[in-house]
Amino acid sequence: MMRTQVAIVGAGPAGLTLAQLLAVQGIDSVVIEARSRAYVEKRIRAGILEHNTRDVLIESGAGARLQREGLVHHGIELRFDNQAHRVAMSDYTGGRTVTVYGQTEVVKDLVNIRVAAGLPLYFDAKAVSITGADTDSPVVTFEHDGTITELHADFVIGADGFHGIGRQSIPADQISTIEKIYPFAWLGILADVPPSCDELIYANHPNGFAMHSMRSPSVSRLYLQVDPSDDVKNWSDARIWSELALRMHTPGWDLKTGPITDKSITPMRSFVASTLRYGRLFLAGDAAHIVPPTGAKGLNLAVADVTLLSDALTGFYRTGSEKGLEEYSETALRRVWRASHFSYWMTTLLHVDPNANEFDRALQRSNLAYVASSDAAKTSLSENYVGLAVIPKGKV
Ligand code: RFL
Ligand code: PHB
């Protein structure tokens, strides 16, 4: 039996950032992670940090390497009909930017800080149940090294991703979920080759969406729209490079190729749970919501959720006020729905929908042309992409 103030299930960006924010406030937490440290630090996922996410990580003391190595971007490029159209995001958002810095690096930095501070973080520790969420002392039971341990806490945070037990521990009649499955997936690769662009490229092509991102001046990250039933085995390195070059082609531009070090296929869905609270159990990050990656919002929503939770818990421990805890779900969901719409909008703007009819395709072409030519449309894209501040009550 163990005891802490806040039990955090999951050492992804949500759980680790929350643990760091709470530590800064002097609030104790224990983080339980099912996977090994090596696995969690190698899992290739997101790469774009919103302006706010960067600020939160720096203010929490976890931003030293991010400030040194993160690549600050002021715009993105949209490509369609073999033409490039830059969206100068900073110009439309009062100078706001995004930072290219891998999720793996964020996770490594947060794990290092926690381990160096000697604060409790258990890897290979799988939470098997969360009980008593409707009481003042919920319990997380977890398995570690063949032993079952009960972790007693004031609060439990389900930061355990889409497949975790946090959401599943809420009685079915207390939670509802809304979901949309898209008829496509992303084949993502990591390659040891300098990026062929200075800014991210989002391309629409009759063969499907393609995207060029990066991780550092020597590592590129690229994606191709594929069928959800497709298999990486069907995609040789040569086929991947030629399809990327075809879909992103513009006159005079060359795609540099290199050794591919990681290849995976991810299905795309939108998913939102409500509420994000059951008694003393709170959901954050992918446990609560999933967005398709086209808007680069998943990791950023996770950090936004736990920023609210950290403030709410700090308020509770300082003054006994439950106001922040009571408002958490509603406040977080306002941002989640905005990001859900933006991610859906970017996805439908850029992908080739196999079920689309002629009308749908004509609308998509009109929308692409509008975004490429209208300052109003570019302002909207930009303010959503760099990220909205915490959305005040009464605003969407
Ligand atoms: P995570 O990262 O899934 O972490 C949850 C952790 O919980 C653990 N866990 C358990 N631990 C203990 N007991 C249990 N019973 C447990 N069950 C699960 C898991 O092992 C895991 O370590 O969720 P979190 O922290 O909410 O973070 C969310 C982000 O990881 C996710 O939203 C992003 O990666 C999404 N995403 C992107 N987000 C962005 O903001 N920008 C991007 O550019 C971006 N690109 C992407 C993405 C996700 C992708 N994939 C693979 C889904 C690109 C891709 C391809
Ligand atoms: C990435 O770098 O992995 C990345 C960037 C932008 C996205 C999605 C993924 O929209």
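These legends accompany close-up views of a pocket and a bound ligand in a predicted model.

**View 1. The second largest pocket and the residues at its centre.** Let's start with the empty space: the second largest pocket has a volume of about 660 Å³. Its lining is made up of 32 residues, and those closest to the centre are Thr348, His351, Asp353, Asp360 and Gln364.

**View 2. The elements that line the second largest pocket.** Which elements each supply at least two residues of this lining? They are β6 (76-80), β14 (176-191), α7 (237-248), α9 (323-350) and α10 (358-373). Look out for α10, since the largest share of the lining, six residues, comes from this helix. By character, the lining residues divide into twelve nonpolar, twelve polar and eight charged.

**View 3. Ligand 2 and its polar contacts.** Now we turn to the ligand. An oxygen atom of ligand 2 lies 2.5 Å from an N or O atom in the side chain of Tyr223. For the side chain of Arg215, an oxygen atom of the ligand is 2.8 Å from an N or O atom. The backbone joins in too: a polar backbone atom of Thr294 is 3.2 Å from an oxygen atom of ligand 2. On its own, ligand 2 has 280 Å² of accessible area, and the protein covers 96% of that.

**View 4. The shell around ligand 2.** There are 14 residues around ligand 2, and Tyr202, Ser213, Arg215, Tyr223 and Pro293 come nearest. Two strands, β16 (210-216) and β17 (219-226), are the elements that give two or more residues to this shell. The largest share, three residues, comes from β16. Sorted by character, the shell has eight nonpolar, three polar and three charged residues.

How values were computed:
Residues are numbered from 1 along each chain as its sequence is written. Chains are lettered from A and ligands numbered from 1 in the order in which they are written. This is a predicted model: local features need pLDDT of at least 70, side-chain atom pairs count only at pLDDT 80 or more; totals for chains, interfaces and linings use all residues. Side-chain values use heavy atoms; hydrogens and water are left out. On a 1 Å grid over the protein atoms alone, a cavity is a set of points where a 1.4 Å probe fits but cannot get out, and a pocket is an open set with protein on both sides within 12 Å along at least five of seven lines; lining residues have an atom within 4 Å of a point. Grid points are joined across faces, edges and corners, and a volume is the space filled by probe spheres set on the points. Helices (H or I, at least four residues) and strands (E, at least two) are DSSP runs, numbered from the N terminus. Ala, Val, Leu, Ile, Met, Phe, Trp, Tyr, Cys and Pro count as nonpolar, Asp, Glu, Lys and Arg as charged, and the others, Gly among them, as polar. A residue is near a molecule or strand if one of its heavy atoms lies within 4 Å of it. A polar contact is a pair of N or O atoms within 3.5 Å; within protein, one must be able to donate a hydrogen and the other to accept it, and residues adjacent in sequence count only if both atoms are side-chain atoms. Accessible areas come from the Shrake-Rupley method with a 1.4 Å probe; for residues, only the protein chains shown count as cover.
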